[in-house]
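Hi,

Here is the structure I promised to pass on. Have a look at it first, and my notes on what turned up follow below.

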Amino acid sequence: MSRLQGRKALVTGAASGIGAATVARLLADGATVLACDISSEGMAGTINHVANLADPQAIAVLAAAAESQLGGLDILVNNAGVCPVGTLEDLTDDQWQFGLDVNLLAPARLAKACLSLLKDSSTGRVINTGSILSRYGDAGLGAYAASKHAILGFTRSLAMELGPFGITVNCVQPGCIVTGMTRGMLENGAAAEYYRDKSALKRLGQPEDIADVIAFLASDDARFITGQGIIADGGVMTHS
Ligand SMILES: NC(=O)c1ccc[n+]([C@@H]2O[C@H](COP(=O)([O-])OP(=O)(O)OC[C@H]3O[C@@H](n4cnc5c(N)ncnc54)[C@H](O)[C@@H]3O)[C@@H](O)[C@H]2O)c1
């Protein structure tokens, strides 16, 4: 039997990159997947749902869809993300707010809206998407790094709250992965070369490299792992 046979999963940011690869991997492992993104193009879940996760109302509707269309929830993958770029001088309040709304508040709001469904599951999982910037910082990425540090702190705290219900909560922390978010930057060959060279494995990450970690965290094999940030960066951050 496939390792996620019969499990019900909700994946956000499902139309592109890591989210799309996660949908494909969870489906291949036997799960039924409610995919969600801001536009329907590129979504290939069992059920596809369009929502702007910066909008709390849209999150309530999405959680209701998990109940009515999926009939429950075992695996919540909070993956949708945006990357506001700019120095402190340049970033506007709106950019800060949008980054925090999508990267931090949406996962918290969605987890809250799905809480009763997750508590009803005997194999509940919440998997948030952080970053290596949940641990480090970089010039021009203050708003992004702040949101990704925060999601890791949220992950650790929520793990303590939900552990008594048998629900694990973890955070996958990708390094440089070739996706819609990074494609523009990586088209500059020098940036691609920099990250390739800095990694121990001498290659850039692919969405499947992260989807496989998410599928592992969703599986029974990861039942005793909770409150953790799992860095998957090909060894970029193992040296200075
Ligand atoms: N690519 C990397 O190098 C990298 C590194 C570390 C962390 N991450 C994180 O991985 C996650 C996935 O990103 P990706 O790299 O696959 O990028 P991506 O741009 O390919 O995918 C992100 C998806 O999120 C969706 N999204 C954005 N805002 C949304 C909103 N308001 N409502 C609904 N959906 C929305 C986008 O439409 C897109 O489909 C993000 O949380 C990102 O921060 C990526």
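The lining of the largest pocket splits into 27 nonpolar, 15 polar and five charged residues, where Ala, Val, Leu, Ile, Met, Phe, Trp, Tyr, Cys and Pro count as nonpolar, Asp, Glu, Lys and Arg as charged, and the others, Gly among them, as polar. Before you read on: this is a predicted model, so local features need pLDDT of at least 70 and side-chain atom pairs count only at pLDDT 80 or more, while totals for chains, interfaces and linings use all residues. Residues are numbered from 1 along each chain as its sequence is written, and side-chain values use heavy atoms, with hydrogens and water left out.

Back to the pockets. The largest pocket has a volume of about 1,100 Å³, and of its 47 lining residues, Cys83, Tyr144, Thr179, Met181 and Thr182 are the closest to its centre. Helix H1 (17-28), H3, H5 and helix H7 (189-198) are the elements that give two or more residues to that lining. For the record, a pocket is an open set of points on a 1 Å grid over the protein atoms alone, where a 1.4 Å probe fits, with protein on both sides within 12 Å along at least five of seven lines; lining residues have an atom within 4 Å of a point. The volume is the space filled by probe spheres set on the points. Helices (H or I, at least four residues) and strands (E, at least two) are DSSP runs, numbered from the N terminus.

The second largest pocket holds about 180 Å³. Its lining has 16 residues, with Gly205, Asp209, Ala232, Asp233 and Gly234 nearest the centre, and divides into nine nonpolar, four polar and three charged. Helix H8 (207-218) and E7 each supply at least two of the lining residues.

Now H5, which also helps line the largest pocket. Helix H5 covers residues 142-162, 21 in number, and reaches 30 Å from its first C-alpha to its last, close to the 30 Å expected at 1.5 Å a residue (1.5 Å times one less than the number of residues). Its buried residues (under 20% relative accessible area, with exposed over 50% and partly exposed in between, 1.4 Å probe, protein chains only) include Tyr144, Lys148, Ile151, Leu152 and Leu158. Among the elements covering the buried residues of H5 are helix H3 (93-113), strand E6 (168-174) and strand E7 (229-232), with contact taken as heavy atoms within 4.5 Å.

Last, the salt bridges (a side-chain nitrogen of Lys or Arg within 4 Å of a carboxyl oxygen of Asp or Glu). There are seven in the whole structure. One of them pairs Asp29 with Arg3 at 3.2 Å, N to O; it links distant parts of the chain, with Asp29 in the loop between H1 and strand E2 (32-37) and Arg3 in the segment before strand E1 (8-12), 26 residues apart. Asp29 is buried at 9% relative accessible area, whereas Arg3 is partly exposed at 30%.

Arg7 and Asp220 form another, with the closest N and O atoms 3.1 Å apart. Here the partners are 213 residues apart, Asp220 sitting in the loop between H8 and E7. Arg7 is buried at 12%, and Asp220 is partly exposed at 34%.

Within H7, Glu193 and Arg196 meet at 2.9 Å, N to O. They lie three residues apart, about one turn of the helix. Salt bridges that share partners also join Arg3, Arg25, Asp29 and Asp212 into one network.

Cheers
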